[in-house]
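Got the viewer open and a selection box ready? Here's a short walk, stop by stop.

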Amino acid sequence: MSSDVTERGVFGRLVGQHDVEQSLRAAALSARGDSSGSDMTHAWLFTGPPGSGRSVAALCFAAALQCTSDGEPGCGQCHACTTTMAGTHGDVRRIIPDGLSISVKGMREIVNIASRRPTTGRWQVIVVEDADRLTEGAANALLKVVEEPPDRTVILLCAPTTDPEDMSVTLRSRCRHLALVTPSVESIAQVLIGRDGLAPDQARFAASISGGHVGRARRLATDDVARDERARSLRLAFDAASASTAYKAAENLVKSIESETKTLFTDVKERELEELKVSLGGGGTGKGTAGTLRGSAGLIKELEARQKSRDTRAKRDLLDRTLIDLAGMYRDALSYALGSSSTSTHPDMAERASDLASRTSPEGLLKCIEAVLACREAVDFNVKLQWALDAMVASIGEAFRPPFSRSGG
Ligand SMILES: [Zn+2]
């Protein structure tokens, strides 16, 4: 166990979030003296950029609330703390949507749990990760609980921002809000050194190219696939600049995203379908089996719809990582062109960024960044991946065409 865990308890899992940690410790401590549960804030909202650890923060708080040690809440050693952090505490429910949205049906189940009293723990805690994926109906169902919460129930919502697109204004207004910040390169490096045992040079390098994302830094330091993925994204910055390579590169990207998604879920899908069939009696050979199965076609359809939604979500996540890297590359080129000294997103690619900068104007680079952002938006609005990417590389190609080019002049 690292020293961080012994000194800071469960909060040692947070990276570079000093203010949030202080607020949560204070709240957990005062909740202890609150035997009626009436003074407790029952709904919390954790926001922060991807990788800042918003769901980790929520989980740490859940552990601190359940912690049975006499010392600081969230000791990290007691049964309540360890089971909460491991996801096995009976009174801490984590809702992690794997599809595009959390449905009303899913939310009703949550509301049901929220109305129960804790069985062994001090509180009934519900952590909703990606609360920005609540459908309007689901948000309304949740709002009812948040407005009149049972005494011992605490609801912890996690979302990227408090933007009305991510979170309904009413729901937001009923929650106490804590904003996590992007952790610094140094604090990420310290985690990789202290917790993952990486060499300092390796840790600092991975942290510097991670875009402030702890998990990504860890993967970039240890996983070839993550490094290949990043290399592919950065190559696209150049391939997209020239018409002869742009569309092929876009097509290849879609292909590899599709095949990665497929391998990601093949086993899970087969298992889910098998489980459903067994639960419907499809595993049997009795006379009634066929009839049961026919009647259950709707359930199978429902499962397939859920799986499709999860696929789409995974594809978007993969694409998103690529686009963020890509936008970072053009951003670096732009800072280079403007002589800005801001920290670069890809410090190891400085030469290539200056090469890009020499091939178009700052306006052209700005146009490239806009094209990447427009692609993200289009995909969010359900435009087909291939179409969105084709449109993106077309705009990027324009930014690099001769009238905008500085070469030779
Ligand atoms: Zn504890």
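Each stop below gives you something to select and tells you what is there.

Before you click, know that this is a predicted model: local features need pLDDT of at least 70, side-chain atom pairs count only at pLDDT 80 or more, and totals for chains, interfaces and linings use all residues. Residues are numbered from 1 along each chain as its sequence is written, and side-chain values use heavy atoms, with hydrogens and water left out.

**Stop 1: the annotated domain.** Select residues 40-184, which an unreviewed UniProt entry annotates as "domain: AAA+ ATPase". UniProt positions are in the numbering used here, feature names are shortened, and annotations may be inferred rather than shown by experiment. The end C-alpha atoms of this span lie 32 Å apart, and 34% of the span is helix and 17% strand. Helices (H or I, at least four residues) and strands (E, at least two) are DSSP runs, numbered from the N terminus.

**Stop 2: helix α11.** Now pick residues 224-239. The expected span of a helix is 1.5 Å times one less than its number of residues, so the 16 residues of α11 should cover 22 Å, and the end C-alpha atoms are indeed 22 Å apart. Just at the start, show D223: one of its side-chain oxygens comes within 2.9 Å of the backbone nitrogen of V225. Then colour the buried residues (under 20% relative accessible area, 1.4 Å probe, protein chains only); among them are R230, L234 and F238. The buried residues of α11 pack against α10, α12, α14, α15 and α17.

**Stop 3: the cores.** A nonpolar core is a set of buried Ala, Val, Leu, Ile, Met, Phe, Trp, Tyr and Cys residues joined through side-chain atoms within 4.5 Å. The largest one has 41 residues, and Y330, L389, M392, I396 and F400 have the most contacts inside it. Helix α14 supplies its largest share, nine residues. Which residues is Y330 in contact with (heavy atoms within 4.5 Å), leaving aside neighbours within four places in sequence? Its partners include L236, A237, L356, C368 and I396. A second, separate core of 35 residues includes V20, A28, C67 and C78.

**Stop 4: the cysteines.** Searching the whole structure for disulfides (cysteine sulfur atoms within 2.5 Å) turns up zero. Try C60, buried at a relative accessible area of 0%: the closest cysteine sulfur, in C81, is 9.4 Å away, too far for a bond. Finish at C375, also buried, at 2% relative accessibility; the closest cysteine sulfur to its own is in C368, at 13 Å, so that pair is too far for a bond.

Key
Buried < 20%, exposed > 50% of the residue type's maximum accessible area, 1.4 Å probe, protein only. Contact = heavy atoms within 4.5 Å. Polar contact = N/O pair within 3.5 Å; in protein donor to acceptor, adjacent residues only side chain to side chain.
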